[in-house]
Every structure is written in C-alpha cells, then in structure tokens.
Amino acid sequence: MRRALDAAREAVANALPNPRVGCVLLDPQGTVVAVGAHRGPGTPHAEVDALTRAGAAARGATAVVTLEPCNHTGRTGPCSEALIAAGVTRVVYAADDPNPLAAGGAARLRTAGVDVEGGVLADEAERVNVAWTHAVRTGRPYVTWKLAATLDGRSAAADGSSRWITGPDARLDVQRLRSACDAILVGTGTVVADDPRLTLRDDEDAPLPYEVQPTRVVMGERAIAPDARVRDDEAPFLHLATRDVDVALATLAEREIRHVWLEGGPRLAGAFLAAGRVDEVVAYLAPALLGAGATALSGTGIETIADTLRLDLVDVTRIGPDVRLTAHPRRAVPTRKEGS
C-alpha cells in the first residue's frame, strides 16, 4: 500500500477536481506487475493505468489501490468493471470513496466474486487528498488562508508598502503550495491596490512550468478594470460580486473547485474566519518589526480573550530566514446534510 501511496503522490502535484490515486498490481507470488496512478481529469484512473501497463499479466493479480475503485461512468468508465474484466482476483484498498456518485465499487467487486479488503492505511491515504476529501464530504471547498507578517503581526508598513515582508525562499515556497490548489482567491481591494497577476510564478517573475494554473477568483462588489492583470489569458478568471462567504464558496463548489488558496487583505480573511470557513492557516513570519501599519487580520468579531480562535499547530519549518507555521482551527468541520 505504501508503494501505491507513493505512486499517488509522485504522479502529479494536483489532480483536482479529482483525487490523487495510486495502484499497484501484484502477481500470486507477490511480485509487482505494474504501478499506475491518476494524473488528472480526463486521464485514466490509477487502476486502469496499472491494468494497461500490466496487460495479460493482470489476470489472477491482486490490485492494491489507495481509494475504493469507482463504480460510475464519468469521463472514464468504472474501475470496478475494468478490474473484473481484467481477471483481477483480489483488491486491497485504503480509503472508502466519500463521493456517493462513485462509491459502491467494493460491493460490485464482491458481487463478482473478487476478494476485497478495505481500510488499509486509510488515514494516510486520506492525508494525500485532504482538500478533495473535505470538499466531497462537506459540499464546499477546503480553504487555506495564507498570510505573511512581521513578528509584530504587520502585513504592511504605515505607508502601505508590503513588498517584501518575507524573503525569496518563502515566496517560492508559496508558489509551490499554491500549485496544489485549484483556485486563488483575493478581494477586490487587493486587485485595485496591487493589480496582481495571481498566477504561479518563480522568483524572477516568470511563469512556473505547471500545465494547469489555478483559477483566479476575485470576491467583492467593486468592478474589476478591463485591463487588470488578473484578467489576462495566463489563467482562468472569475469575479464573484458578493461579500457573502458562503455564497462565494457555493459558487466555487458548483464549478468543482475543491481547494481555495485565500490571500488578499485582512478584512477578507476576517470574514472567512468569522464564518468558520478557514480549514488551514499557513503563516510566514519574518524576523522583522514594523511597529505600525496594517495588521494581518481584522473583522473577525472577536472582542474578548475568551473568544480567541485557537489553532492546532501541525508544522513549523524554517524557510530561508523566515518561518512557516501550518495550523488548523480548533473546530468541528460541518458535514453536508443528507440530500444537500
């Protein structure tokens, strides 16, 4: 199973709106016959990729796959049927498929006489697809709020200048994490003030070598100028003319956007936090002090220490001279209601 998980991670950084999945085929003696992986929408699923590589050697094999084989027809056919047709006699999978449209593969395989075992390294498999799993279960995108600040919590100086709070290593690390998302979201204020491109770029301001750029999403009621750089042809663009966080996220969910990278100003971040719609915080802290200027966060509605939003720190990494902190808010993630 760990070989299959490695295949899922290594095949592609971002398969959204689909999950990253790996599959290993073993012959009756336990020898690896083929390794497959899913590489994004429209490409073969991991099981079909492995079966194609194995050819006739798949007959009598065991398929070890990181997600329950799908049982529906979308851009591709059902993997459960492909495994049955290939003569696979045993399937071992990690996580159950949370998508009701695709689930049922395990039951279909058992009905066909295939020996099926599920739940092997399920937690580890879910960590490979945290955002996708969250989006499918809750009906809304997973939201990562990124901020950069000095040690005294300032995101800009008193004169409004903010380039650059952090160093080039941290800025390149942001691009790497951005590449795992399928939308970058800012407020209209950020677009008016900074005219950003919101594309994946390296430190020399040249496009990064990614085949797919995240959708650039601007939220707010102010108009976006026709010549704003966010409207260029480097990446898709979407203007959500609303201040309602849930309306914005519902619109993105309808477009099958699974993972939102939230940037922009402190008020937009405050609105998402106040609505309970931030699932992860990635904070870059620079060893610097400003003493005045814009803070990284405002408008949360928190007025007393008793209401402090506490976070669970899950990672601390030094990035050049700066420090990256990754944390999760301490709250239960609401699940989608039946029939919604």
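Let us start with the cysteines, and with Cys23 in this predicted model. The closest cysteine sulfur to that of Cys23 belongs to Cys79, at 8.5 Å, which is too far for a bond. What, then, is the closest cysteine sulfur to that of Cys79? It is the sulfur of Cys70, 3.7 Å away, and this too is too far for a bond. A disulfide is a covalent bond between the sulfur atoms of two cysteines. The cut-off applied here is 2.5 Å between the sulfur atoms, and by this rule the count of disulfides is zero. As for their surroundings, Cys23 is buried, with 0% relative accessibility, and Cys79 is buried as well, with a relative accessible area of 0%.

I turn now to confidence. The mean pLDDT of the protein chain is 90, and 94% of its residues reach 70 or more. Among the elements of the chain, strand S1, residues 22-26, has the highest mean pLDDT, 98, while helix H8, residues 188-194, has the lowest, 88. Two stretches call for caution. Over residues 206-210 the pLDDT is below 50, and this stretch has twelve contacts in the model beyond near neighbours in sequence. Over residues 332-340 the pLDDT also stays under 50, and there the model has ten contacts beyond four places in sequence. Where pLDDT is low, the predicted coordinates should not be read in detail.

The next topic is charge. Side chains of opposite charge can pair when their charged atoms come close. How many salt bridges does the structure hold? The number is 19, and I shall present three of them, followed by a network.

One of them pairs Arg90 with Asp115, with the closest N and O atoms 3.0 Å apart. Arg90 belongs to strand S4, residues 90-95, and Asp115 to strand S5, residues 115-117, so this pair ties together parts that are 25 residues apart in sequence. Is Arg90 buried or partly exposed? Arg90 is partly exposed, at a relative accessible area of 29%, and Asp115 is likewise partly exposed, at 42% relative accessibility.

Another salt bridge joins the side chains of Arg176 and Asp173, at 3.0 Å from N to O. Here both partners lie in one helix, H7, which covers residues 168-178, and they are three residues apart, about one turn of the helix. Their exposure is worth noting: Arg176 is partly exposed, with a relative accessible area of 43%, whereas Asp173 is buried, with a value of 9%.

A further example is Arg243 with Glu221, whose closest N and O atoms are 3.7 Å apart. Arg243 sits in the loop between strand S9 (237-240) and helix H9 (245-254), and Glu221 in the loop between strand S8 (215-219) and S9, so the pair ties together parts that are 22 residues apart in sequence. Both Arg243 and Glu221 are exposed. Finally, Arg2, Asp6, Arg9 and Glu124 are joined into one network by salt bridges that share partners.

I continue with the backbone. Most residues other than glycine have a negative phi, and most peptide bonds are trans. Where does this chain depart from that pattern? Leu16 and Pro17 are joined by a cis peptide bond, with omega of about 10 degrees. Pro17 is placed in the loop between helix H1 (2-11) and S1. Leu121, although not a glycine, has a positive phi of about 55 degrees. This residue is in the loop between S5 and helix H5 (122-128), and Leu121 is partly exposed at 28% relative accessibility. Asp195 also has a positive phi, of about 50 degrees, and is not a glycine. The loop between H8 and S8 contains Asp195, which is partly exposed, with a relative accessible area of 28%.

The last topic is the surface. Which residues make a nonpolar surface patch of about 220 Å²? They are Ile302, Leu309 and Leu311. Leu309 is located in the loop between strand S11 (280-286) and strand S12 (311-319). The relative accessible area of Leu309 is 35%, so it counts as partly exposed. A residue needs over 30% to be part of such a patch.

To close, I return to the two points with which we began: the model is predicted, and the count of disulfides in it is zero. Thank you for your attention.

Key:
Residues numbered from 1 in each chain as written. Predicted model: local features only at pLDDT ≥ 70, side-chain atom pairs only at ≥ 80, totals over all residues. Heavy atoms only, no water. Patch = residues over 30% accessible without salt bridge, like charges linked within 9 Å, V, L, I, M, F, W, Y side chains within 5 Å. Areas by Shrake-Rupley, 256 points an atom, 1.4 Å probe, with all protein chains shown as cover. Salt bridge = Lys/Arg side-chain N within 4 Å of Asp/Glu carboxyl O. Helix = DSSP H or I, 4+ residues; strand = E, 2+ residues; numbered from the N terminus. Buried < 20%, exposed > 50% of the residue type's maximum accessible area, 1.4 Å probe, protein only. pLDDT = per-residue confidence, 0-100. Contact = heavy atoms within 4.5 Å.
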